[in-house]
Every structure is written in C-alpha cells, then in structure tokens.
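Notebook open, coffee poured. I want to look up a few things in this one and jot them down as I go.

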Amino acid sequence: MSEFQRALETGSTFELEHRIRASSGEYRWFLVRAQTELDPATGMPHRWYGASVDIHDRRIAEQALAETDRRKDEFLATLAHELRNPLAPIRTGLTLLNMNPPPDAAARTRDVMGRQITHMVRLIDDLLDVSRINSNKIELRRERLDVRSVVDEAIEANRPAIDQAAHRLFVSLPAKPLYVEADRTRLVQVLGNLLTNAAKYTPHGGRIEVSVDSSESEVLLCVRDSGVGIDAAALDRIFDMFTQVPGQAHRAEGGLGIGLSLVKRLVEMHGGSVSAESEGRDAGTTFRVSLPQSPGSAPSTPGLKAFDDTNGRQALDVLVLDDNVDAAEMMRAVLEASGHRVSVAHSGRDAISLVTARSPDVAFLDIGLPGMDGYEVARRLRDMQTSRPITLVAL
C-alpha cells in the first residue's frame, strides 16, 4: 500500500522522500510531510497541509557516508587478510630454521621471510603515512632533484618484485637532467607505489614501461603496464581511499586500497597532479604524474652531516633504548654480532642513567615510549655534558 493510500484511508500523517525533476532536468530529493484535515461532516480526509523540503544535499551526504562506512568495513577485513598472509610463510620459515635445514634450504627460507617482512613493512608504512597526512604531520623536505635519479632509485627498490614476476621492464629517460623541487623520499615512494601496482596487477611475464618527459613548465612521469586494466566506471574513483581494482580483491597481494590514494595526496602536496588511463579489462593501465619543473641547470646539493666514526672500524659503545624487550634484544644481538659493545634500556630514565655511566658513541632511541618519549630523551642527552658527542639514531 502506498504512503498516500494509507494516509487517505486512515487519516494518518503523510510522509515520503522522493525525487522531483527540476526544470534543468536534474532530479533532486525532497521530503514531503503533510497532516490530514478531516471533513467535520463525514469524518473523512478531505485535504492535507504541510511542506516539501529539499533534502538532496543531505541525502547525497548520507549515501556518501554509507559508502565510506562500507568501504572501511571492507578495508578492515582486507587489512586482517593482508597482514595474516605474510605471517604464514614467516611462521613456517621459523619452524624450518629451528630444524637446522641444509644451508641452501636455510638461505631460501631467509629470502622468503625477508620478502614477506618487507611486504608487511610497506603495508604498515602506507597506513602510517595516511594517518600522518590526515593529521598534517608530513613535512616535505624539498631539494632540487634530477628526476632521472628518482626513477633509478625507485626501480632499484622495486626490481625484486618485477623480476620475481618475470616482467620485462623498459625505461625511457631524457639525455639531459630534468629538475623538480621535491622531497626525494616521497617522490621515490610515489613512483615505487605505481611500480608495485604495475608488477602486482600484471600477469606473469608482462610488460612495464617507465618514461620521463617534459614541457616548458612540467615534468611528466609515466608508468604503463600490460596488466588487468581498469573499467571506465572505476577510473574516476581509483584514487579514493580504500578503493581496490574492481574484480581483483581476491588476488593474494590485492593490497589495502590506500596506495593510489597516498600517491595522489603526496603528488598534490608537491603541487602536481596524477591521472589514470585504461581502455578496460585486460588492456593495461597508464598512470601519469605531472610535477612543476624547476628552472635552471645545476642541482643544489643538500647538506648532509656525515657520521664521524673516530674509531674507524673499531668497536663502538652503543646504547639501545626500546620499551619492547624483544625488539631491544634483537637489536643488541645484531650489534654485538657486528663487534660492538651494547647496553640496553627500556625507559627514558634508565637510558639517561646509562649514558651518565658509560658515555656511549651511539644511542638508538625508540620514539614512542611511555612516560618520557624518545624526543625528550634526545633533548636531555643533548643538554648533558659527556666526555664525547653522542650520535643519536631515531627508531
């Protein structure tokens, strides 16, 4: 029974949300609410009085919130899956190593475990970067860069994934330098994410192309693959948070759906833009990143402070501060295996006491400590009068 028919028969209030077509041809949502007025003679409804309210913007906002909520639910399920996937080979690898396998089997196991840990670290780093961007905690450390060096660095970092999938990689770079004012780490991250996507969503033995070109005012980085492609309907939202390539969520390395969103936001922080092109399913995808070109011919050299290792290759006194006991002990084991003398603290106050007693050469400081955090420990160590300067390393 329609709302109107029910109100007509029962005399109840009539309320309905529906669309009305405007003169422009656009349909907009309205809330219509009317109160029945009864005929005194018959007791039957003979008219209504009320109002029609334009609720289009509210309705669209509610739909957007519902879609965001749905995608967050999917994201949490995907996150659990993506973090659990690498844990299985890592756990199996530890079991195998505890069985003292032959050296070649142990080496292969360590390689597998290393790749899986790298995958997990990349996922977690992306999550942290999204959080930092949302809270405006990312500060770009701009310097004048030759884009060709950024491409080389990104390819070097992603070469294992490309080689593992037996992809053919073709790189086209200009003969002369092309400069941009950018944060090297973040620009390598942008290109690295695009290369990771290309390797992930291209079938085994595919083709990946990386090219750099320029106009009078822009530098254009292009990553093209022969992979699964993207439907036209999905291209407009491929850079939205928690969005994955449609139909590919079942892949073992489907990802979290945040990589391209991170790419877009980092590129925009540099004053650039990014776009995606695809002719559809199985037709490959092309990503284009446009950045403002820096004029001139000579790059600036960033000022880097080299570590002053006055002891050469001799053993160093090292302090490790970390409230995670297992992490601290693993760091101690690695440093001691390298021939250094190591002391460990699990709180800021204990670290300061150890520095007073031993005056180490290097201190590895965890930042996220309860009570006195790593930043406060660093400030206090800098204020202390020690027999020699301490090199501080943030964990």
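Surface to begin with. I looked up the exposed area: the chain shows about 23,100 Å², with carbon and sulfur atoms supplying 52% of it (Shrake-Rupley method, 1.4 Å probe; for residues, only the protein chains shown count as cover).

Ground rules for myself. This is a predicted model, where local features need pLDDT of at least 70 and side-chain atom pairs count only at pLDDT 80 or more, while totals for chains, interfaces and linings use all residues. Residues are numbered from 1 along each chain as its sequence is written, and side-chain values use heavy atoms, with hydrogens and water left out.

Overall make-up. I find ten helices and 14 strands in the chain (DSSP runs numbered from the N terminus; helices are H or I with at least four residues, strands E with at least two). Of the 395 residues, 38% are buried (under 20% relative accessible area; exposed is over 50%, partly exposed in between, 1.4 Å probe, protein chains only).

Strands. I followed β7 (residues 207–214) and found it parallel to β5 (residues 168–172), with five bridges joining them (a pair needs at least two DSSP bridges). Ser172 sits opposite Ser211 in β7. β7 also pairs with β8 (residues 218–225), antiparallel this time, over seven bridges. Those two make a hairpin with three residues between them, and Asp213 is opposite Leu220 in β8.

Salt bridges. I get 25 in the structure (side-chain nitrogen of Lys or Arg within 4 Å of a carboxyl oxygen of Asp or Glu). One of them is Asp129 to Arg186, at 2.9 Å, N to O. Asp129 is in helix α3 (residues 103–134) and Arg186 in helix α5 (residues 184–200), so this pair ties together parts 57 residues apart in sequence. Asp129 is buried at 5% relative accessible area, and Arg186 is buried at 14%. Back in β7, Glu209 and Arg207 meet at 2.6 Å, N to O; Glu209 is partly exposed at 24%, as is Arg207 at 30%.

Asp322. Which charged partner does Asp322 have nearby, and how far away is it? Asp322 is buried without a salt bridge, and the nearest side chain of opposite charge, Arg332, is 12 Å away (Lys and Arg count as positive, Asp and Glu as negative; His and chain ends are not counted). I place Asp322 in the loop between β11 (317–321) and α8 (325–337). Its side chain reaches the backbone nitrogen of Asn324 at 2.9 Å.

Technical notes:
Polar contact = N/O pair within 3.5 Å; in protein donor to acceptor, adjacent residues only side chain to side chain.
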